[in-house]
Amino acid sequence: MKKTVLSIALTMIFGFSATANSPIDGEKKEVKVNESKVTWKGYKVTGSHEGTIELKSGHLMMDGKKLTGGEFVVDMTSITNLDMASGEGKEKLEGHLKSDDFFGVENYPTAKLVITSAEPMNKNSYSVKGDLTIKGKTNPVTFVVSIYENKATATLKVDRAKYDVRYGSGSFFDNLGDKTIYDEFDLVVDLAI
């Protein structure tokens, strides 16, 4: 009788501690923000500009090896331009991107992406739906995420007009000619997890 009680007690203790270490909801994998990179590229009639934005925080939710969700916060005050040499032009562009004409970083210092669903496409890729918040406005986005061991990559096309980023947009202004800046810009995300 004592052996039975002891074995039941041990089973309960070790059985409980095993489940406590592996949550049913899945595993939260924190993103290594210092090793991750977010690159942006915007297009205009006469060319393009590109640069980086720093990731402030982020995590992926995993069920075993399957992506189930995630959340990312981007530091919009960190937006930089990479295609122009240092100097007045580069500083002017970066300042303009941070101004109310574009991302209004004084009032909206962060942007946020929340993954709402992830459907497997193959062993490493997922069709992902999420909610993207820029300048306090949230809109749904769809994109592909690929995960290989401790790396995840994604490319998003973002329509800035949906976030009230109006400067130089043909959606809001007529007769801009070669001063038109296209509404869609790209975000290329390389995550270390």
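Me: Two residues are in contact when heavy atoms lie within 4.5 Å of each other. By that rule, which residues does Thr39 touch, not counting residues up to four places away in sequence?

Reply: Thr39 touches Gly51, Thr52, Asp186, Leu187 and Val188, once residues up to four places away in sequence are left out. Please bear in mind that this is a predicted model, where local features need pLDDT of at least 70, side-chain atom pairs count only at pLDDT 80 or more, and totals for chains, interfaces and linings use all residues. Residues are numbered from 1 along each chain as its sequence is written, and side-chain values use heavy atoms, with hydrogens and water left out.

Me: What makes Thr39 part of a strand, and which one?

Reply: Thr39 falls inside residues 37-44, the run called strand S2. Strands here are DSSP runs of E with at least two residues, helices are runs of H or I with at least four, and both are numbered from the N terminus.

Me: Why is Thr39 called buried?

Reply: Thr39 has a relative accessible area of 18%, so it counts as buried (under 20% is buried, over 50% exposed, and in between partly exposed, with a 1.4 Å probe and protein chains only).

Me: How do you know what the chain looks like overall, and how many helices and strands does it have?

Reply: The secondary structure comes to two helices and nine strands. Along the sequence they follow the pattern α-β-β-β-β-α-β-β-β-β-β. Of the 193 residues in the chain, 37% count as buried. As for contacts between residues at least 6 apart in sequence, 54% of them join residues at least 24 apart.

Me: Let's turn to the aromatic residues. How many aromatic pairs are there, and what makes two rings a pair?

Reply: The structure holds two aromatic pairs. The test asks that ring centres of Phe, Tyr or Trp (its six-membered ring) lie within 6.5 Å, and the planes then give the label: under 30 degrees stacked, over 60 edge-to-face, the rest tilted. One of the pairs is Phe102 with Phe103, at 6.4 Å centre to centre and 35 degrees between the planes, and this pair is tilted.

Me: Why does the pair of Phe103 and Phe185 get its label?

Reply: The planes of Phe103 and Phe185 stand at 75 degrees, with the ring centres 6.1 Å apart, so this pair is edge-to-face. The two partners come from distant parts of the chain, 82 residues apart. Phe103 sits in the loop between helix H2 (88-98) and strand S5 (110-120), whereas Phe185 belongs to strand S9 (residues 181-192).

Me: How do you know whether these three rings are buried or exposed?

Reply: Phe102 has 7% relative accessibility, so it is buried. Phe103 comes out at 9%, so it is buried too. Phe185, at 10%, likewise counts as buried. Phe102, Phe103 and Phe185 form one aromatic cluster.

Me: One more residue: why is Ser125 called buried?

Reply: The relative accessible area of Ser125 is 9%, so Ser125 qualifies as buried. You will find this residue in strand S6, which covers residues 125-134.

Me: What does Ser125 touch, not counting residues up to four places away in sequence, and how far is it from Ala154?

Reply: With those sequence neighbours set aside, Ser125 touches Glu119, Pro120, Val144, Val145 and Ser146. From C-alpha to C-alpha, Ser125 and Ala154 are 9.6 Å apart in space, with their positions 29 residues apart in sequence.
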